[in-house]
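Student: I have a new model open on my screen and I'd like to learn how to read it. Can we go through it feature by feature?

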Amino acid sequence: VQMFSLQEQDLADKKILDCPSGACSFTAIASEKGCNVTASDITYSVPADHLLMKGLQDVQHAMESVEKVQSAYSWNYFKNIQELKYDRLNALHTCINHMKHSPRQYVAATLPHLPFEDNEFELTLSAHFLFMYGDRLNYDFHYETLKELLRVTKGELRIFPLVDLAGKRYLHLDKLLSEFEHDISFEEEKVAYEFQKNAHTMLKIKKIK
């Protein structure tokens, strides 16, 4: 909720998509609070136990990477690497346990294609994917993915953050948004959450037709 400037009441009575959702705990925790959430990610094409093993490897690799460049991060939300690792592992296990209990909420998909109906979701949340990998995912991929996320969303799409892995604003963001200017309204908003330095803004998009 801090990443996307949400309150818990903002999630009530809405059909929500978290995409790409990874091995994270948002869907599990929100579902426990009575929210209607669907998680979608390429990683869900493998069994939960395999995802757990991969997730454990990914957490270890991530901690080693963060330790080498600690100055690129703000240590206010997480006090140190040990606390970060505990949080990531807890999120991973929460996700896997919920996935085993409610597998239909976890839908395998490979962007820029989603197996959902037009306007199926009232709120779509997309974190740590678009814009972050601008050096690896080309402009056309960003365009097609944004178009697809908007297709399945009838209400609001929120994307966090707006910077790449170096903490720089996605170079083609203005051009990308201009291609949808007749179909959307949007605003950039500073949020309360910041771990990677400069990763503290989100994009809030509403369809106007």
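Tutor: Sure, let's begin with charge. Lys and Arg count as positive and Asp and Glu as negative, while His and the chain ends are left out. Keep in mind that this is a predicted model.

Student: How far apart are the mean positions of the positive and negative charges in the protein chain?

Tutor: There are 24 positive and 30 negative charges, and their mean positions are 1 Å apart.

Student: Next, overall shape. What radius of gyration would a compact globule with 209 residues have, and what does the protein chain have?

Tutor: The idea is to compare the chain with a simple globule rule. For 209 residues that rule gives a value near 17 Å, and the protein chain has 17 Å, so the two agree. If you prefer a box, the C-alpha trace spans about 45 × 40 × 30 Å along its principal axes.

Student: And how much of the chain is buried?

Tutor: Buried means under 20% relative accessible area. By that cut-off, 45% of the 209 residues are buried. The accessible surface of the chain is about 11300 Å², and carbon and sulfur atoms account for 50% of that.

Student: How many helices and strands should I look for?

Tutor: Look for 6 helices and 7 strands. Followed along the sequence, they give the pattern α-β-α-β-α-α-β-β-α-β-α-β-β.

Student: What share of the contacts join residues at least 24 apart?

Tutor: Take contacts between residues at least 6 apart in sequence: 71% of them join residues at least 24 apart. You can see this kind of thing in single pairs too. Val46, for instance, sits in the loop between E2 and helix H3 (48-68). Val46 and Ala108 are 62 residues apart in sequence, yet their C-alpha atoms are 8.7 Å apart in space. Thr43 lies in that loop between E2 and H3 as well, and its C-alpha is 9.8 Å from that of Tyr106, 63 residues away along the chain.

Student: Are Val46 and Thr43 buried, exposed or partly exposed?

Tutor: Val46 is partly exposed because its relative accessibility is 36%. Thr43 is also partly exposed, at 22%. Beyond residues up to four places away in sequence, Thr43 touches Gly22 and Leu51.

Student: Which strand holds Ser40, and is Ser40 buried or exposed?

Tutor: Ser40 is in strand E2 (residues 36-41). Its relative accessibility is 0%, so Ser40 counts as buried. A polar atom of the Ser40 side chain lies 3.0 Å from the backbone oxygen of Val107. Leaving aside neighbours within four places in sequence, the contacts of Ser40 include Cys19, Pro20, Ala109, Leu114 and Phe116.

Student: Which peptide bond involving Pro20 should I inspect?

Tutor: First, the general idea: most peptide bonds are trans. Now go to Cys19 and Pro20, which are joined by a cis peptide bond with omega about -10°. Pro20 is in the loop between strand E1 (15-18) and H2. Then check Phe160 to Pro161: that bond is cis too, with omega near -10°. Pro161 is in the loop between strand E5 (153-160) and helix H6 (173-178).

Student: What about phi? Where do Asn119 and Phe131 sit, and what are their phi values?

Tutor: As a rule, most residues other than glycine have a negative phi. Asn119 has a positive phi, near 55°, and lies in the loop between strand E3 (106-108) and strand E4 (121-127). Phe131 also has a positive phi, near 80°, and lies in the loop between E4 and helix H5 (139-151). As for their surroundings, Asn119 is partly exposed because its relative accessible area is 36%, whereas Phe131 is buried because its relative accessibility is 1%.

Student: Let me try helix H5. Is Thr145 buried or exposed there, and which residues does Thr145 contact?

Tutor: Thr145 is in helix H5 and is buried, since its relative accessible area is 1%. Beyond neighbours within four places in sequence, Thr145 is in contact with Leu111, Pro112 and Leu130.

Student: And Gly34, is that buried or exposed?

Tutor: Gly34 is exposed because its relative accessible area is 65%. You'll find Gly34 in the loop between helix H2 (26-32) and E2. The C-alpha of Gly34 is 7.6 Å from that of Ala12, which is 22 residues away along the chain.

Methods: Residues are numbered from 1 along each chain as its sequence is written. This is a predicted model: local features need pLDDT of at least 70, side-chain atom pairs count only at pLDDT 80 or more; totals for chains, interfaces and linings use all residues. Side-chain values use heavy atoms; hydrogens and water are left out. Helices (H or I, at least four residues) and strands (E, at least two) are DSSP runs, numbered from the N terminus. Buried means under 20% relative accessible area, exposed over 50%, partly exposed in between (1.4 Å probe, protein chains only). A polar contact is a pair of N or O atoms within 3.5 Å; within protein, one must be able to donate a hydrogen and the other to accept it, and residues adjacent in sequence count only if both atoms are side-chain atoms. Contact means heavy atoms within 4.5 Å. The radius of gyration is taken over C-alpha atoms; the globule rule is 2.2 Å times the number of residues to the power 0.38. Accessible areas come from the Shrake-Rupley method with a 1.4 Å probe; for residues, only the protein chains shown count as cover. The place of a charge is taken as NZ of Lys, CZ of Arg, CG of Asp or CD of Glu.
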